[in-house]
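Please read these notes with the sequence and the model open side by side. They go through the parts one at a time.

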Amino acid sequence: MHAGHAVASSVCLFLLALSIAALLPHGPPPPRTSSFFQARVPPPAIGRTSAADHGGCDYSDGQWVRDEALAAAYMEDCPFLDPGFRCARNGRRHTSFRQWRWQPRRCRLPKFNATDMLERSRNGRIVFAGDSIGRNQWESMVCMLAGAVPAGGAGVYEQSGKPISRHKGYLSMVFAAYNLSVEYYRAPMIVMVDRFHHANAPSGGRVRGAVRLDALPRHADRWAGADVLVLNTGHWWNPHKTVRAGNYFMVGGRLNRTMDIKEAFGLSLQTIKDWELSSVRRSKSYFFFRSYSPSHYSNGTWDTGGSCADQQDPLTTDQLQLGEEYSWINEMIAKTTQGIRSHGRKAHFLNITHMTELRPDGHPSRHREPGTPPDAPEDCSHWCLPGVPDTWNEVLYAQLLSTGYDTRRKPR
């Protein structure tokens, strides 16, 4: 009897082991190919996220955590990158800046799921409008999404056939299989800037242009109807780019040569607010205004020999020196966004300043695009890609998830 029980027990254990083995994955994942567009196995779709999971999370409060296993969503072979953002190709030897993951202190930042984002954005438009740092973020988003496109990549193209090197006007990348466009509109001051020919310049001094605080750029009508609109500005709101360059502020067709920059910035944000609230059509869109992206020039400014070369690691919070140059910009953007939100609109302040302030290691520095003169200023304002702007887009994705974003639910 005892021997019979022992045999029966052994058989049961053997069958249990076989069952467990059948449930385990077999074999390594499919090998990566050299092409940017790859036949990837789509990651599992992410379901709806509750407000308790992410909606109440402050993603801006956290720290950078070293993660040797971190894999970028794309690499420098993404065909939609500016040459100036391909830092390794331009001679940067240290690429450890790609091995840092942002970890919020009180919650989890969802991993960016490109397939899920493409599906949620089907038949939609994602629009970025702002300065060249906004273009940095736009290129990051395009490459993050394109990395999930099947092998061949023929389904991703610029709508009008414009080269990616075009830096004026706008660019619109189409993801044909999803009927989705991801667009960028150059608007460095977010309002209209008029350039005067000498014959048309107002008399009485050196006036080259007018920043029209009560008018949006001419292509702003194209922003309307976007399912997701991401605005940014800030780097041009300084004396060097305005009054010292002969660009004065204008309201109601009248040039004002004495207006303070902070007052002018406030008026420009009021114009954005009025525009956003003026149309019922825009009430259905997700409105984001990104905070200021800090530069990291040491021992000088961008045009006086300032440098960020040889920076290889993020800073810690106790190493920070908070900059007055952008704290007032963020305060005004946050207040404007809250004002739009108070009218029932889906408006969000995309706060990336603190996490970005900690990353002096992520800039092109002296590794600029081919053909840049050796004595040209370092670039400590823009970002290498893949790099820091990818995390901005992860936060954007997380905030969209927390609100149930899904263009497939749009009424037909």
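**Notes on the model**

1. Strand 10 (residues 247-251) is mostly covered, with 4 of its 5 residues buried. Strands here are DSSP runs of E with at least two residues, helices are runs of H or I with at least four, and both are numbered from the N terminus. Buried means under 20% relative accessible area, exposed means over 50%, and partly exposed lies in between (1.4 Å probe, protein chains only).

2. On the basis of these notes: this is a predicted model, in which local features need pLDDT of at least 70 and side-chain atom pairs count only at pLDDT 80 or more, while totals for chains, interfaces and linings use all residues. Residues are numbered from 1 along each chain as its sequence is written, and side-chain values use heavy atoms, with hydrogens and water left out.

3. Strand 10 belongs to an open sheet of 4 strands in the order 7-8-10-11, with mixed pairing. Strand 7 (192-195) and strand 11 (254-256) each have a single partner strand and stand at the edges, so one side of each is left without a neighbour in the sheet. Neighbouring strands of this sheet are turned against each other by 35 degrees on average, direction ignored. Two strands count as paired if DSSP finds at least two bridges between them. The angles come from axes, which are lines fitted to C-alpha atoms (for helices over the stretch in contact), and run from 0 to 180 degrees between N-to-C directions.

4. What are the partners of strand 10, and how do they run? Strand 8 is joined to strand 10 by 4 bridges, and the two run parallel; G209 has N247 of strand 10 as its bridge partner. Strand 11 is joined to strand 10 by 3 bridges and runs antiparallel to it, with V251 opposite R254. Strands 10 and 11 form a hairpin with 2 residues between them, and G252 in the turn has a positive phi of about 60 degrees.

5. Strand 7 is joined to strand 8 (residues 209-212) by 4 bridges, and these two strands run antiparallel. R195 has G209 as its bridge partner in strand 8, and D194 has A210. The side chains of strand 7 alternate: M192 and D194 point to one face and are buried, whereas V193 and R195 point to the other and are not.

6. Ahead of strand 7, I190 sits in the loop between strand 6 (180-186) and strand 7. I190 has a relative accessible area of 0% and is therefore buried. Its C-alpha atom is separated by 6.8 Å from that of L216, 26 residues apart along the chain.

7. A further open sheet has 7 strands in the order 4-5-6-3-9-12-13, again with mixed pairing. Its edge strands are strand 4 (156-158) and strand 13 (346-350), each pairing on one side only. The twist from one strand to the next averages 15 degrees. Within this sheet, strand 9 (residues 228-231) and strand 12 (residues 286-290) run parallel and are joined by 4 bridges; the partner of L229 in strand 12 is F287.

8. How many cavities of 30 Å³ or more are there? The count is 1, and the largest cavity has a volume of about 40 Å³. Its lining consists of W223, A224, G225, A226, L229, W275, E276, R282 and S285, which divide into 5 nonpolar, 2 polar and 2 charged residues. A cavity is a set of points, on a 1 Å grid over the protein atoms alone, where a 1.4 Å probe fits but cannot get out, and lining residues have an atom within 4 Å of a point. Grid points are joined across faces, edges and corners, and a volume is the space filled by probe spheres set on the points. Ala, Val, Leu, Ile, Met, Phe, Trp, Tyr, Cys and Pro count as nonpolar, Asp, Glu, Lys and Arg as charged, and the others, Gly among them, as polar.

9. Helix 8 (residues 388-402) has 15 residues and reaches 22 Å from its first C-alpha to its last, close to the 21 Å expected, where the expected span is 1.5 Å times one less than the number of residues. Of its 15 residues, 14 are buried. P389 lies in helix 8 and counts as buried at 0% relative accessibility. The C-alpha atoms of P389 and T356 are separated by 8.8 Å, at 33 residues apart along the chain. After helix 8 comes G404, whose phi is positive, near 75 degrees.

Technical notes: 1 Å grid on protein atoms, 1.4 Å probe; cavity = no way out; pocket = protein on both sides within 12 Å on 5 of 7 lines; lining within 4 Å.
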